[in-house]
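Here is a short set of exercises, each with a worked solution. Keep the sequence and the 3D view open while you go through them.

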Amino acid sequence: MTLSGLAASIRGAVDSETFDLAGKSASTIQQAVLDAFKDPFPLEESIRITFVTGAGKLARQKYDDGAQKAITNNLRELGYEEDHGGGIGTFKLQH
């Protein structure tokens with residue numbers, strides 16, 4: 001399967017990267033997470049993928065209210081676990 005858009009950008013990461021999800025719908029985020037993380041990344045070293053899912057009062061309206069859930073629920077579905085230390089194969093929430 002050939003990926004496009006956000007999923008392709010995530011899968012193309014070779015170093016730690018940040019993806020700002022402003023303007024993306026929860027359904028777009030959900031599908032991108034499922035597509036990007038269903039298979040292990042073909043990398044020799046671990047990288048950190050960071051998603052910006054919200055902002056302060058002046059920019060809050062740019063983000064879908066369901067963005068964070070779209071990521072965390074789907075990562076759990078794919079077998080990832082929440083870990084406050086953010087180890088390999090886990091995810092970490094940060095405010």
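**Exercise 1.** Does F51 count as buried or exposed?

*Solution.* Remember that you're looking at a predicted model. Start with the relative accessibility of F51, which is 18%. Next, bring in the cut-off: buried means under 20% relative accessible area. F51 therefore counts as buried.

Now try the same steps on F37. Its relative accessibility is 10%, so F37 counts as buried too.

**Exercise 2.** Find out how many aromatic pairs the structure holds, then describe the ones that F37 forms with F41 and with F51.

*Solution.* First, the count: a search of the whole structure turns up four aromatic pairs. One of them joins F37 and F41, with 5.6 Å centre to centre and 50° between the planes, and it's tilted.

Then there is the pair of F37 and F51: 6.3 Å centre to centre, with 70° between the planes. Angles over 60 degrees count as edge-to-face, so that is the label for F37 and F51.

Now place both rings on the chain. F37 sits in helix α2 (residues 26-37) and F51 in strand β2 (residues 49-52), so this pair ties together parts that are 14 residues apart in sequence.

Finally, zoom out. Ring pairs link F19, F37, F41, F51 and Y80 into a cluster. F41 has a charged visitor as well: R11 lies over the face of its ring, at 4.4 Å from the ring centre.

**Exercise 3.** Which members of the largest nonpolar core touch the most other members, and which element gives the most to this core?

*Solution.* A bit of background helps here: in soluble globular proteins, nonpolar side chains tend to be buried together.

The largest nonpolar core has 18 residues, and those touching the most other members are I10, I29, F37, F51, I71 and L75. You've already met F37 and F51 as a ring pair.

Next, look at where the core comes from. The elements giving two or more residues to it are α1 (5-11), α2 and α3. α2 gives the most, with five residues.

**Exercise 4.** Describe the largest pocket: how much space lies in it, and what lines it?

*Solution.* Begin with the volume, which is about 1,200 Å³. There are 32 lining residues, and R48, I49, T90, F91 and K92 are the closest to the pocket's centre.

Sort the lining by type and you get 14 nonpolar, 13 polar and five charged residues. By element, β2, α3 (67-77) and β4 (90-91) each supply at least two residues.

**Exercise 5.** Place N73, L93 and D39, and say how exposed each one is.

*Solution.* Take N73 to begin with. N73 is in helix α3, and its relative accessibility of 43% makes it partly exposed. Its C-alpha atom is 8.6 Å from that of Q30, though the two are 43 residues apart along the chain.

Move on to L93, in the segment after β4. L93 has a relative accessible area of 29%, so it's partly exposed. The C-alpha atoms of L93 and N73 are separated by 12 Å, with their positions 20 residues apart along the chain.

Last comes D39, in the loop between α2 and β2. At 42% relative accessible area, D39 is partly exposed. From C-alpha to C-alpha, D39 and R11 are 9.5 Å apart in space, and 28 residues apart in sequence.

Technical notes. Residues are numbered from 1 along each chain as its sequence is written. This is a predicted model: local features need pLDDT of at least 70, side-chain atom pairs count only at pLDDT 80 or more; totals for chains, interfaces and linings use all residues. Side-chain values use heavy atoms; hydrogens and water are left out. Rings of Phe, Tyr and Trp (its six-membered ring) pair if their centres lie within 6.5 Å; planes under 30 degrees apart count as stacked, over 60 as edge-to-face and the rest as tilted. Buried means under 20% relative accessible area, exposed over 50%, partly exposed in between (1.4 Å probe, protein chains only). Helices (H or I, at least four residues) and strands (E, at least two) are DSSP runs, numbered from the N terminus. A charge sits over a ring if NZ of Lys or CZ of Arg is within 6 Å of the ring centre and within 35 degrees of the ring normal. On a 1 Å grid over the protein atoms alone, a cavity is a set of points where a 1.4 Å probe fits but cannot get out, and a pocket is an open set with protein on both sides within 12 Å along at least five of seven lines; lining residues have an atom within 4 Å of a point. Grid points are joined across faces, edges and corners, and a volume is the space filled by probe spheres set on the points. Ala, Val, Leu, Ile, Met, Phe, Trp, Tyr, Cys and Pro count as nonpolar, Asp, Glu, Lys and Arg as charged, and the others, Gly among them, as polar. A nonpolar core is a set of buried Ala, Val, Leu, Ile, Met, Phe, Trp, Tyr and Cys residues joined through side-chain atoms within 4.5 Å.
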